[in-house]
Amino acid sequence: MIDNRKIKTSTKIVIPIFIIAIFMSFFISFYMDGLLKKHIENFYLKSLDIVVQKNYYIVKSEYKNLFYNYGDKKDEFLEVQEVVKNETIQNLKISLENSDYNSFIIIDDEVVPLKGGIKEAYKIKKIYEQKEESLDYFISSVNFIPWKWKIIVYQSKGAFFDILNQNKYRVASFVLLMAVLIMLVIVFMIKIFMQKQITQILKNLKEISKGKYEKIKILNFYSSYELFQLISNINRTVLTLHRKKEQLETAKDYTRAILESQKNIIIVSDGERIYDANNEFFKYFDDYKNIEEFNIQNSCVCGYFESINGEEYDGHKADCIKIISQNKKQNNKVVVAYKRKRNIFNVSIKMMHNTNKYVISMNDITNMENYKNELHFNLYHNDLTRLPNRRKLSEDIEKVEGLKALIVCDLDSLKEINDFYGHSTGDMIIRIVSQRLNNFLNDCESLEDSQSLQILKKHSKLYHLGGDEFAIAIFNMDAYEESELKGLAEASLQKIQDQVLKVKNHSLFVRASMGVSIGSKNLFTQADMALKEAKAKKKDIVLYDKNSGLLEEYKENLVWIQRLEEALSEDRLVCVYQPIYCNKSKQIKKYETLVRLKDEEGSLIAPYFFLEVARKAKLYSYITKTVIKKSFEHFKDKKYSFSINISIEDIEEVTTRSYILEMLSQFPEPHRVVFELLESEQIEKYSEINEFLFKLKEYGAKVAVDDFGTGYSNFSYLLNLDIDILKIDGSLIKNLDTDANSRAVVHTIVDFCKHSNIEIVAEYVDRQEVFDKVNKMGIDYTQGYFISEPKEETL
Amino acid sequence: MIRVLFCFITYFILSSTLYAHWVIRFAPLPMESSQKVLNDYKDLINYLENEIDMKVEFVYSTSYEELIDNFLQKKIDVTFLGPLPYAYLLSKDDSSVALAQFLGQGGSAKYTCTLFTRKGVDINLDNLKDKKIGLTQKFSTCGYLFAQTALLKNNSSLSKNKYKYTGSHSNAILSVLLNESEIGSAKTSIVEKYLHLGIKPIVHSDLYPSFVLVANSKTISDQVMQKLTKALSKIKAKKNITKSWNDKFKNGVIDVDYKMYKDMQKLLQEIGYKLDR
């Protein structure tokens, strides 16, 4: 086999080389013939030119002598010139005597032969004059202008052609011989340096194809560069193959180890049978001991698939591999049922390169899915009652479009029950209420209910919003009357309240309030507002009234809260100071600190607009603290006393209390600080308040009662609180000059204070007449626009 | 020993000084062979030797540059110069004194130059370029000076053509005859001699002054200078003295017309003539 190939290879290489060599030798010999001809021709022409030049110099030399000797003597020149011409012709003849060249001169169209026959000279003259290229002669000429001579030198081409023919055969023979020799050398070289190596390469390739690497012989490195490269590459390839085989074995071991170390089930399959699988596969499909056994009874693992991504899977109708591999974006959740097991797997499929097989990876996520479902349930349900929670209600309201209604229910006095009977009792009550409501709403065919109530119950859903709050939402109703809805609320309330609850041997009555709203927007808010109204007005059920303006007030409050929060974060809460005039010394002795909110445009907003909102938003104490901080800072280096308003709420608030005392302890002259107690609905804890006021006085600070004489501020205040200053309410002062009743009340207050050694301040003094009256009545201090409006700066 | 050396040095200094008084170093025209110089100048030199009672010695120069250099370096006492070299020498050194102006052929004190070609050849000087031009010598009036002046008048110049110096007037003529040059430039009187060989004049120059005998006042004493002037005045007075002399000198001498040489000096400046050209 190898020998035949060797012969063929030799023939294939040698014959073309031989043919090319023959052609090349012909071309080279023709080319060399041409070169030789040109070379010899040039040699002849050059020799001819030398002869012509020599003749020219002879003539020129003769003429120069003639010129220098007789050129300026006309007569003598003409006489001598003819002689010189004849002598020149003789000289030319002598110079040509022993040469191989023939020559003649054309003088006035006459031929004067120098060497050679006259006939031949005329023949050459004709060729020369017609400017033809002669085939038989080499011709060269020169003009001697002074004498108008044309000197022609010529030579026959016979000798030239003889030389040419002699050389032609020599050249052809030489070239052919050289070509044959070169060819033989090439063949020899191929045989020695290539054939042997190529044969070995073929042998090696055969062994490689059989996989018998050990029989491969390393090739010798003594041939041409290209062959050397080829041999090197093959040797490298052989070594690489050896290494690759070892790497392949190792990789195979690695792959098996990786497969077996996986917690996932890994299968290699083409969809019709399984080719490989790891141990996890046999752990799950535990009836089968090996793949063959599995393949006898099953075509593919897909046969055990119950559903894919939530859709039922029928192995007879669809190809599971196709479904899973097409879904590239999400995990494929597959429910697998085998024997009594029912597990959820996350299945991924990857196609193997260059085969129709797939690697199927199945990750058991049953536990994770169960946990996820539980988390999801807990997210949307109340722990205690297992009812849907507030989050679920919000999402449901968002999801459902069109007309809907909401009943929000709040159990009354559950706090007290918790406090008195304990939280477990409270929880029990909540569970019982939820059961009652649930049973009531689920019983849609009760004969006791009207038809409309039955329909409403069918569309209703119960939620436990947290604590003692429940909600009944009615969705997907085309239309219903408010009265029907109220009927459902009343019926539900009745179910809660009617029966006595027996809990831990206690018979408890549970009452509830309900807020009802109907519509498509703000359902929750509206129901909540209606509930608050019910609670406030101590009604059982309140239906939200769109025209009540509650929602607008609610919204306005929200806007104010937002403005307030922004102002606080941007430090736009400012203090203004209104002077308090001492009527006796006729000097400003004190200032009252008042708070203002600076809006975005720099305008000051009075506390009337934001204090109530601040109270609701639990920002009140923050405002108090800010006012204290800023006023303390402002009056730190001044001589005046200054007052700050604090409410009973501030005193009741532990942090505010601590802050006031802390600030007072750091202030250099605490006796200049006056705390004005704002009027309050009712002071219940006088002892606690007095205790705090005592602490203030310990620092040297004074206490004033603001707006005395109206509202809740009365003499009981003065009796219960240890105060230093009393500020008479503006409503009594502003008409002091005209209203006798006001004057009478103020007289009483002034008398009382004089006896009790309390300083008196009259507020809202806005004109001279009032100021005069204030002075006349013996009031110590005046405050109001008559003295000055509040300003950001003080004296 | 020192005495002997002193005597030698004194002898050499004295001998050279004395020799200077006895010999006049004469530089003939440089473009001529020594044999021709002897033939051409022998009558003039014999006459001067007799008149001034001093030996005249030839100092040969191969070119006008060499001759002028020698003159400036005080190696030459008297020389015979054409108008261009003399004008050039005037611009370089004012110590040269023109003793007499020799009359040319026909007794004229002026001569002209001619640009010529060969019969049968048509040459138009207007915007002439890439033509082969054969000139005499750098310092020949009929060489660069005349050819450049003539070509500039016709919107051309020597630099736009291929010019070469042939060495003499007759060589310039021969180079045209042998077709080595297409145009030649030479003294008109010489050109006319060769018209019969097929020379065709193209244009003639204005008049140039003739040759002058120039003395070097830096090397010649006033006494000798007076003697030379007296000798030349004698020739001016008696024309028979030169009758048998060579053609160059046989027509006698006249007083030097300095204005013509000064005009030529201006012309040299106009055409931007430089010695190293």
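Me: What makes the count between chain A and chain B one salt bridge?

Reply: In this predicted model, Lys60(A) pairs with Glu180(B), their closest N and O atoms being 2.6 Å apart; a salt bridge requires a side-chain nitrogen of Lys or Arg within 4 Å of a carboxyl oxygen of Asp or Glu, so the pair qualifies. Residues are numbered from 1 along each chain as its sequence is written, and chains are lettered from A, ligands numbered from 1, in the order in which they are written. Local features need pLDDT of at least 70 and side-chain atom pairs pLDDT 80 or more, while totals for chains, interfaces and linings use all residues, and side-chain values use heavy atoms, without hydrogens and water.

Me: How do you know that chain A and chain B are in contact?

Reply: With contact taken as heavy atoms within 4.5 Å, 14 residues of chain A touch 13 residues of chain B. The area buried between the chains (accessible area, 1.4 Å probe, lost on putting the two parts together and summed over both) is about 1,200 Å², with carbon and sulfur atoms giving 68%. Phe67(A), Asp72(A) and Ile145(A) supply 42% of what chain A buries against chain B, more than any other three residues.

Me: Why is strand E4 (residues 96-102) of chain B called largely enclosed by the rest of the structure?

Reply: Six of the seven residues of E4(B), a strand being a DSSP run (E) of at least two residues, numbered from the N terminus, are buried, that is, under 20% relative accessible area with a 1.4 Å probe and protein chains only, so the strand is largely enclosed.

Me: What makes E4(B) and strand E12 (residues 212-216) of chain B a pair?

Reply: Pairing needs at least two DSSP bridges, and five join these antiparallel strands, Leu213(B) being the bridge partner of Ala100(B).

Note on methods:
Buried means under 20% relative accessible area, exposed over 50%, partly exposed in between (1.4 Å probe, protein chains only). Helices (H or I, at least four residues) and strands (E, at least two) are DSSP runs, numbered from the N terminus.
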